[in-house]
Amino acid sequence: MKAKRMLKLFAVLFAMTLTAAACGSGDSTSTTTSECGSDLAVAAGESVTDLSVALVAPSAKDDVAFTQSMVDSLTRLGIEPQITDGTFVVEEAAAAIRGYAEDGIDIIVAHGTQYGGSLAEIAPDFPETSFIWGTSADNQGIANVFAYYPEADQGGYVNGLIAASIAGADGIGVVGPVEAGDAVAYIEGFTLGAEAGGSSTSIVYTGSFSDVALATTTAEAHAANGVAVLTGTSQSAVGAVNVATANDLPWFGTQSNTEAWSSDLTVASQVYHWDVVLADMIEKIEGGTLGGEAMALTLENGGLVMEFNGCYDLDSSVKSDAEAAIEDIIAGEIATK
Amino acid sequence: MSQFFTVSVLVATLATAIKFAVPYLLAALGETIGQRSGVLNLGVDGIMLLGAFGGYYTVIQTGSHLQGILVGLGIGLAIGIVYAYVTVFLHAQQGISGIGIFLFGLGFSDLLFQELVGTPKPIRPLPTLDKLPGVGGIFEPLVDIDIVGPLLFDHNLMTYMAFLLVPATTWLLMKTTFGMNVRAVGENPQAADSLGVSVAKTRLIAILIGSSLAGIAGATLSLQLAIFQHNLTNGIGFIAVALVYFGAWRPRWVMAGALLYGLVTATRIRWQSLDIIPQGASDIAAMAPAIITILALVLLASRVRGPAALTRPFSRH
């Protein structure tokens, strides 16, 4: 009888081990692999706070880039914020931020580096309101401002390393927006990764975050030059993705998962999970600390997640190398900048 | 630098310049007609945005590029009626009215996009000649011809339409009674009126043609890029207005300006992609097309004279 019970216990443990192994599919907390054809919509999580939250962001809330990454992150935290998006004009954003503060919103997320100057004026006028602002590694020394920024070079390195295995000597075309912020970090990390993998990058900054026509023309120039892979960042990158699709070139995304733009040719995306730092900030806000700190998204804290496209047939050894590189980056054994 | 001066790179750069120039050319030709009648329309960019969304959304719904272009035209026509009513019949200040049209187009196109589409969805781009359904095979050998093929035959139909509109616009303005009336009301509306020319009617038609072309330009842009998003035009309409001045209100020079703008843009992108322009200088390089256009305007401004009655409302009283 005892032996039978032991056998049952062993069987249950064995099944649990198998299930855990199957569910993991080799993915760590900093990597995921989408199921091909699955819905990319982010599921709402359990709400982490009862405080009211508003979001002010420069581009559209579903831009498959910078702004959507924040909306998705708030959704994961179970937060339905009031949203003012499309505020490329800083004065409009400033008016929205001040308006939310006057309305008594508890937490205002100002999702744009360019809003920093406005926040320096507005935040001191509303000491009871917490402002969460990024991307910036500095909260400007304001007591009720939290700052956030992504170490985008880390995922950039991983993307570059994978891209090099596909591109080889043909090289990789990079469509950059403005030579600033997380775009530069991503592209610099990507270049280091590509070089480590034995390939090279050709980088063009269009000078605009939103000019789709320029991004398209730039990607076409890269394709005409014979590159084998394309990558890019900002909401204008949708134009480059279309060129990748037209020329059957693999694409690497960043900020949000770009499978929505190119379900077959997106190999991997570095996705910003702002919720990791937002959760910390909200906990502090509920404890009475309204700001005074800058927090980073990294591969280590799970704020940067490499999302592999299940529809793209990536060689398993390349994926293993990428996962090993992630471990090395986390361990500090690979420099990404 | 030597890698730029190869036949294949030069041809590809010129072909890109031609493609890039198309929306600018369409919008600028329309604005040329309007300005020759004495009406400045700073709302071109807003009309283009509405046309771009209309064309894009129509293709999502119907899959038809032709319908997309026609919807762009229709939207341009509708906005043109509003603009003509405000500026020609209510005698409103043209600059301010145009800015109003631009702001309306910017906001309303984005609102429609958010409500009806949301996440940008790529559509099928306008096909080049060799990919035209049914007849593409005829053009395939032409596209494969060295140098000439990529330059002349690897484009979509709207490209040919845009460049054919250059002589057509010249003919309209210089060889027809309507064109003579347009020039007359743009130079001296009182004199034209005294000779029995209806200034209001002439300006109305000129505005409608210009707005329709702006709508078509917007639809062409979104169908060429196969996408729409907030502020897709990124100021193309304003550059088109500048190109009219650059081209001294003459269609062939307007075309030259559009091609020059496209060529400078294509060249600077190609130079960056070939590492001829060093990293760190991208911001300066991005300004090159605008700087060259401004320089050309400065040089031309003292040599040419625009329509004497440009921006001046006409009233018999």
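The exercises below deal with chain B of a predicted model.

Local features need pLDDT of at least 70 and side-chain atom pairs count only at pLDDT 80 or more, while totals for chains, interfaces and linings use all residues. Residues are numbered from 1 along each chain as its sequence is written, and chains are lettered from A in the order in which they are written.

**Exercise 1.** Describe the elements and the compactness of chain B.

Solution.
Step 1. Chain B has 13 helices and zero strands; helices (H or I, at least four residues) and strands (E, at least two) are DSSP runs, numbered from the N terminus.
Step 2. The radius of gyration of chain B, taken over C-alpha atoms, is 20 Å. The globule rule, 2.2 Å times the number of residues to the power 0.38, gives 20 Å for 317 residues, so chain B is as compact as a globular protein of that length.
Step 3. Of the 317 residues, 50% count as buried, that is, 20 or more other C-beta atoms, placed from the backbone, lie within 10 Å of the residue's own.

**Exercise 2.** Describe how H1(B) and H12(B) are placed.

Solution.
Step 1. Axes are lines fitted to C-alpha atoms, for helices over the stretch in contact, and angles run from 0 to 180 degrees between N-to-C directions. The axes of H1(B) and H12(B) come within 7 Å and cross at roughly 140°.
Step 2. Angles under 35 degrees count as roughly parallel, over 145 as roughly antiparallel, 65 to 115 as roughly perpendicular and the rest as oblique. H1(B) is therefore oblique to H12(B).
Step 3. By class, their contact has 17 nonpolar, six polar and one charged residues. Here Ala, Val, Leu, Ile, Met, Phe, Trp, Tyr, Cys and Pro count as nonpolar, Asp, Glu, Lys and Arg as charged, and the others, Gly among them, as polar.

**Exercise 3.** Do likewise for H7(B) and H8(B).

Solution.
Step 1. The axes of H7(B) (residues 157-175) and H8(B) (residues 177-187) come within 5 Å and cross at roughly 75°.
Step 2. H7(B) and H8(B) are therefore roughly perpendicular to each other.
Step 3. Residues in contact (C-beta atoms, placed from the backbone, within 7 Å) include Leu172(B) of H7(B) and Phe178(B) of H8(B).

**Exercise 4.** State which element gives the most to the side of chain B that touches chain A.

Solution.
Step 1. 29 residues of chain B are in contact with 33 residues of chain A.
Step 2. H12(B) gives the most, with six residues.
Step 3. By class, this side of chain B has twelve nonpolar, 13 polar and four charged residues.

Notes
Two residues are in contact if their C-beta atoms, placed from the backbone, lie within 7 Å. A residue is buried if 20 or more other C-beta atoms lie within 10 Å of its own, exposed if 12 or fewer, and partly exposed in between; C-beta atoms are placed from the backbone.
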